[in-house]
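Good morning, and thank you for coming. I would like to take you through one structure, beginning with an interface and ending with some individual residues.

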Amino acid sequence: MPLAPGGLLQLSPEGLYCPAAQAWIDPWRPVPRALITHAHADHARPGCGEYWAIGASEGILRERLGAEITLLPVDYGQLHRIGAARVSFHAAGHVLGSAQIRLEAGGESWLVSGDYKRCADPSCEPFEPVQADVLISEATFGLPIYRWQSGAEIAAEILAWWRSAPDRPSVLFAYAFGKAQRVLAELHRLGVSDEVLLHGAVERLMAPYRQAGVAMPPTRPLAELERGADLSGRLLIAPPAAHRSRGLGRFTKAQNGFVSGWMAVRGARHRRGYGRGFVMSDHADWSGLLQSVRESRAQQVYVTHGQSNVLARYLREVEGINAEPLEGHFEAERFDDEQATAPAS
Amino acid sequence: MHAFASLFQQLDGTSSTSAKLEALNAYFQSVPAADAAWALALLMGKRRKRLITGRRLREICLAVTGLPEWLFEACHAQVGDSAETVALVWQQRPDRSATPNQAGTGLEQSLAQWMEQRLPALAALQGNEQAEAVQACWRCLPADQLLLVNKLLSGGFRVGVSTGLVTRAVARSAGLEEALVAHRLMGGFTPSAEAFAALTAAAGHGEDLSAKPYPFFLASPLELGQLEHTSPESWQLEWKWDGIRGQLIHRAGGCSLWSRGEELINEAFPELIALAELLPQGTALDGEVIVWHGDAEAPESFASLQRRLGRKAPSRSLQRDCPAAFVAYDLLEHQGTDLRQQPLQQRRALLEQLHQHWLQQADTASSGRLRLSATQSLQRWSELNERRDQARPQRAEGLMLKALDSPYLVGRKRGHWWKHKLEPLRLDAVLLYAQAGSGKRANLYTDYSFGLWNGEGALVTFAKAYSGLDDGEIRQLDRWIRAHTTERFGPVRAVEPLQVFELAFEGIQPSKRHKCGFAVRFPRISRWRTDKPASEADSLASARALMEQLA
């Protein structure tokens, strides 16, 4: 369903638009002013006049959208006046520099969640509960089959899996921006200090994390590995797009696994032919979504991405909250899409 | 149970045959015989008994989680498997944080105890009592074992290992010949410690396998490059009959007819059992069960045989309308001696003698019930395809090529026997409806219905197909379907009639049950015709012409 006319936010062909701020949030097409929740490719697109985003995501945005973009770095919790609106960015716990964006004008407040999660993640700021009259929430994993264990527990599984194969390499597929660094940070916390190999697409995104002071084991780009080096017992982190690609020819004997929320379902792992699935997501699970909706105290909720119909119906019928799916070009991260993981091109 | 759950995870987590073999071997060597027996039966897919329905498991789960049914349905659509959906949704129970009491939960019980006592006991309970017992059981299981237990309860246990691989693993773990284990396994395996001990006992002379059929030897799809350098004359050619493979045995214990699926099908084919009684004791024939009228030149189509399959005690009129015949192509046992190591040529000579002898005893009316599969020879390889194409008027599926000196081996061993099937029939049809698949195709539109044009410019549903596209094409088509849906009927989407696919199929028969007036056999997608507009797809008339041309 479309947004009612006259509200603080409108749905325009370019995406979510706030007339009071003359700004678009995560626009799908080039616009003069873009407020960016985070630097994944389906939220931050090239060609806009100016970008407002959390300072920590600057390195990644410039890496992906071009070094020359006009970027206005902001801090979490800072209040900005943009046009007639008051705008603030709040930690979303999704990836480094990810934010929920709150807008307020004419006595009305809206919160756009962007992508978010509630589990602890040593590679980014934790989610901050924020209140607003109207909430626009994602619902990528909006089904009760999704329930996450802590990142620390999953990292321990990954470590045990890696260590169980000292005689051959292990290839862990993980989204290049966010998941790869989260796994590394969790491995560091488990005391891992041996060097981890990185595919080029992951390597490109490491500098902003190191600059932000995220503690991770030492890493080395795959391209810098000498020919004929012994790979047994080594761990390589690569994006899912590299699965079965020619670039990993040296790893044909490797055991492989994929770390993603989609791995909760056995069929999803089989479909892509991964050996092991590790269930770790940077999105909220079912209870995380419900908790966030409740904590926002919103009287009206719009649901985007993925299971928007299901979550909206549940909120209406079971939680008694006015909730509707919001139709638009909100592309849910689907298991089969590698869009969010491919290096910027 | 713990060991079996870990085996399941190992098998499920690799596509490497050698890794699977290693995991199986280690399992069979380390667990008690009773557990090994149950694992074997489960892995071979022989014990898929439904103890509690998926629907009931869902009810028991929702009673505690309090989630609405429609939400469960949405979950099921994403997961594609009922036992797994229950296992996942169960995590949302409100009292989850209470620490499970692991002691005395039965987790340490063996697989055999679970299969013989625990699960049947759950199934025997009713109503509330059953619900509470199942919930208590779930509460103390870790997620991976919960999935396994649900699959065992609902009869949906499956994992990617073939019977051949399991057989090989058992043989290896016991230090036996694979062929012997395969033979011992023929005709079914009832899990028990004793049965497993007998299966893995050292090979003894004079071992009594007389209650069992021989393991079937299977042909591989022809690779002409493998035999072009040989003389065509060193090969025996036969039609590849379009019936079901069978083994017809007369031994001291009586007569039996076994299907390739190792089912005893005596009751369905009394006329074949009657003919076997005229064979000398100590005979085992390999051949094809097929419907064939006494004086007809060619057998009937597979559709006629289908009327006989799975039907115990067929009526006289059915036996008259669809008389079964056994087309013999090999002799495995003669005068009580196992001939399988002898060359085909010799087995064939004995088979022909035996048939002659049988004919002298049979009355004229039943003389067509046992037939020899006619042999042919070839002079030049270049004539092979022309010869194969003559299979269609014979109502055969193609040609078999068997090396004259070939022994009769176990399972699919390449090199000795080849099958060379007819080129499939083909029609271009338009995609009309799509439905999501299940299992690893859950949440992907992979089950398609296709239509052909009728005379009035409308498309009429003609066939369904589920296979033939690669993963990339499936994802591409899935996106297209989501974006071009015109109507939804529950799980089915009607799409704009724009995409054309070439369908391949093995046969086409008139049918009253199908709206278009005929049914095709084994339809699958052979090509996505992105080059063709829907208007150029085939019509019902072209399908009818194809059918008449073959009749």
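By buried area I mean the accessible area, with a 1.4 Å probe, that two parts lose on being put together, summed over both. Please keep in mind that this is a predicted model.

With that term in place, chain B and chain A bury about 2500 Å² between them. Of this area, 51% is on carbon and sulfur atoms. On the side of chain B, the residues that lose the most area to chain A are B:Trp70, B:Gln78 and B:Gln92, which together account for 24% of what that side buries. In terms of contacts, 26 residues of chain A are met by 32 residues of chain B.

Let me turn to the polar side of this interface. Nine residue pairs are in polar contact across it, both partners being at pLDDT 80 or more. The count of salt bridges between chain B and chain A is two. One of them joins the side chains of B:Asp12 and A:Arg269, at 2.9 Å from N to O.

Which elements of chain B give two or more residues to the side that touches chain A? They are α1 (2-12), α5 (69-79), α6 (82-89), α9 (143-154) and α18 (471-483). The largest share, six residues, comes from α5(B). By residue class, that side of chain B divides into 13 nonpolar, seven polar and 12 charged residues.

I move now to the cysteines. The count of disulfides over all chains is zero. Why does B:Cys140 form no such bond? The closest cysteine sulfur, in B:Cys137, is 5.8 Å from the sulfur of B:Cys140, and this is too far for a bond, given that the cut-off for a disulfide is 2.5 Å. B:Cys140 also counts as buried, at 8% relative accessibility. B:Cys516 is likewise buried, with a relative accessible area of 6%.

Finally, a word on the backbone. Most residues other than glycine have a negative phi. Against that background, B:Gln335 has a positive phi of about 50° although it is not a glycine. B:Gln335 sits in the loop between β7 (324-334) and β8 (337-338) of chain B, and this residue is exposed, with a relative accessible area of 64%.

B:Phe522, not a glycine either, has a positive phi of about 50°. Its place is the loop between β20 (518-521) and β21 (524-528) of chain B. B:Phe522 is partly exposed, at a relative accessible area of 48%.

Thank you for your attention.

How values were computed:
Residues numbered from 1 in each chain as written. Chains lettered and ligands numbered in written order. Predicted model: local features only at pLDDT ≥ 70, side-chain atom pairs only at ≥ 80, totals over all residues. Heavy atoms only, no water. Buried < 20%, exposed > 50% of the residue type's maximum accessible area, 1.4 Å probe, protein only. Helix = DSSP H or I, 4+ residues; strand = E, 2+ residues; numbered from the N terminus. Contact = heavy atoms within 4.5 Å. Salt bridge = Lys/Arg side-chain N within 4 Å of Asp/Glu carboxyl O. Polar contact = N/O pair within 3.5 Å; in protein donor to acceptor, adjacent residues only side chain to side chain. Nonpolar A, V, L, I, M, F, W, Y, C, P; charged D, E, K, R; others polar.
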